[in-house]
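Dear colleague,

I am handing over the structure below for your use. A description of what was found in it follows the display.

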Amino acid sequence: AFAHNGAHPDNPDAVNARGGIVKETKNHHVEVVPSAKSAKIYVFDRKMKAVAVEKIQMKARIATPKTSLNLILEPKGDHFDAPYPREPLMRYQIVVVLTDKKDEVVTFDVEPRKDPTKK
């Protein structure tokens with residue numbers, strides 16, 4: 001999947017190391033690193049310092065023009081793994097909702113790309 005490298009001037013290594021799509025909410029930065037079968041979701045504070053997954057209340061879904069499916073978020077150290085229910089074949093969105101105090105919603109547009117190593 002194509003991703004935007006959203007380097008942050010205060011802490012550029014925090015984002016560059018993961019190579020995902022970064023979006024801001026009022027209180028957080030959220031990074032999604034999509035792959036063919038899942039996405040990794042990272043949450044940072046306003047200064048791009050990682051927020052411990054135990055402190056995050058969040059839900060996510062994958063959406064296409066015809067369907068929207070909730071993702072099961074699996075805590076994995078410094079991020080959540082979000083396996084897709086099935087592999088998306090067309091452009092899709094990952095919608096992340098941080099539900100801490102007041103819902104903060106961010107939407108990531110993802111364009112699937114065929115793996116050049118596979119035929």
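The paragraphs below take the sheets, the nonpolar core and the side-chain pairs in turn.

Please note at the outset that this is a predicted model.

The first sheet

Five strands make up an open sheet, in the order S1-S2-S3-S7-S6, with antiparallel pairing. Strand S1 (21-24) and strand S6 (74-76) are at its edges; each has a single partner strand, so one side of each has no neighbour in the sheet. From one strand to the next, the twist averages 25 degrees. At one end of this order, S1 pairs with strand S2 (residues 29-34) in the antiparallel sense, and four bridges connect them. Within that pairing, Lys 23 is found opposite Val 30 in S2.

The second sheet

Another open sheet has four strands in the order S5-S4-S8-S9, and its pairing is also antiparallel. Here the edges are taken by strand S5 (68-71) and S9, each with a single partner strand, so one side of each is left without a neighbour in the sheet. On average, and with direction ignored, neighbouring strands of this sheet are turned by 20 degrees against each other.

The pairings can be followed along the order of the strands. S5 and S4 are joined in the antiparallel sense over four bridges, and Ala 60 has Leu 71 in S5 as its bridge partner. Strand S4 (residues 58-63) also pairs with S8, again in the antiparallel sense, over six bridges. In this pairing, Lys 59 has Val 97 of S8 as its bridge partner. S8 is in turn joined to strand S9 (residues 104-110) by seven bridges, and these two strands run antiparallel. Val 95 and Thr 107 in S9 are bridge partners. The connection between S8 and S9 is a hairpin through five residues.

How enclosed is strand S8 by the rest of the structure? Of the seven residues of S8 (residues 92-98), six are buried, so this strand is largely enclosed by the rest of the structure.

The nonpolar core

The largest nonpolar core has 24 residues, and those with the most contacts inside it are Ile 41, Met 58, Ile 94, Val 96 and Phe 108. Two or more residues of this core come from each of S2, S3, S4, S7, S8 and S9. Which element gives the most to this core? That element is S8, with four residues.

Phe 108 deserves a separate word. When its neighbours within four places in sequence are left aside, Phe 108 is in contact with Ile 21, Val 22, Lys 23, Val 30, Val 32, Tyr 92, Gln 93, Ile 94 and Val 96. Among these partners, Lys 23 is the residue that stands opposite Val 30 in S2.

The aromatic pair

One aromatic pair was counted. It is formed by Tyr 84 and Tyr 92, whose ring centres are 5.6 Å apart and whose planes stand at 75 degrees, so the pair is edge-to-face. Both members are buried by the cut-off of under 20% relative accessible area: the value is 8% for Tyr 84 and 2% for Tyr 92. Tyr 92 is also one of the contacts of Phe 108.

The salt bridges

Side chains of opposite charge can pair when their charged atoms come close. In this model, the count comes to two salt bridges.

In one of them, the side chains of Glu 24 and Arg 46 meet, with an N to O distance of 3.0 Å. Glu 24 belongs to strand S1, while Arg 46 is in the loop between strand S3 (38-44) and S4, so the pair ties together parts that are 22 residues apart in sequence. Arg 46 is partly exposed, its relative accessible area being 39%.

The other salt bridge is between Arg 91 and Glu 111, with the closest N and O atoms 2.7 Å apart. Arg 91 is in the loop between strand S7 (79-83) and S8, and Glu 111 is in the segment after S9, so this pair ties together parts that are 20 residues apart in sequence. Arg 91 is exposed, with a relative accessible area of 55%, whereas Glu 111 counts as partly exposed at 31% relative accessibility.

With kind regards

Conventions. Residues are numbered from 1 along each chain as its sequence is written. This is a predicted model: local features need pLDDT of at least 70, side-chain atom pairs count only at pLDDT 80 or more; totals for chains, interfaces and linings use all residues. Side-chain values use heavy atoms; hydrogens and water are left out. Two strands pair if DSSP finds at least two bridges between them. Axes are lines fitted to C-alpha atoms, for helices over the stretch in contact, and angles run from 0 to 180 degrees between N-to-C directions. Buried means under 20% relative accessible area, exposed over 50%, partly exposed in between (1.4 Å probe, protein chains only). A salt bridge is a side-chain nitrogen of Lys or Arg within 4 Å of a carboxyl oxygen of Asp or Glu. A nonpolar core is a set of buried Ala, Val, Leu, Ile, Met, Phe, Trp, Tyr and Cys residues joined through side-chain atoms within 4.5 Å. Contact means heavy atoms within 4.5 Å. Rings of Phe, Tyr and Trp (its six-membered ring) pair if their centres lie within 6.5 Å; planes under 30 degrees apart count as stacked, over 60 as edge-to-face and the rest as tilted.
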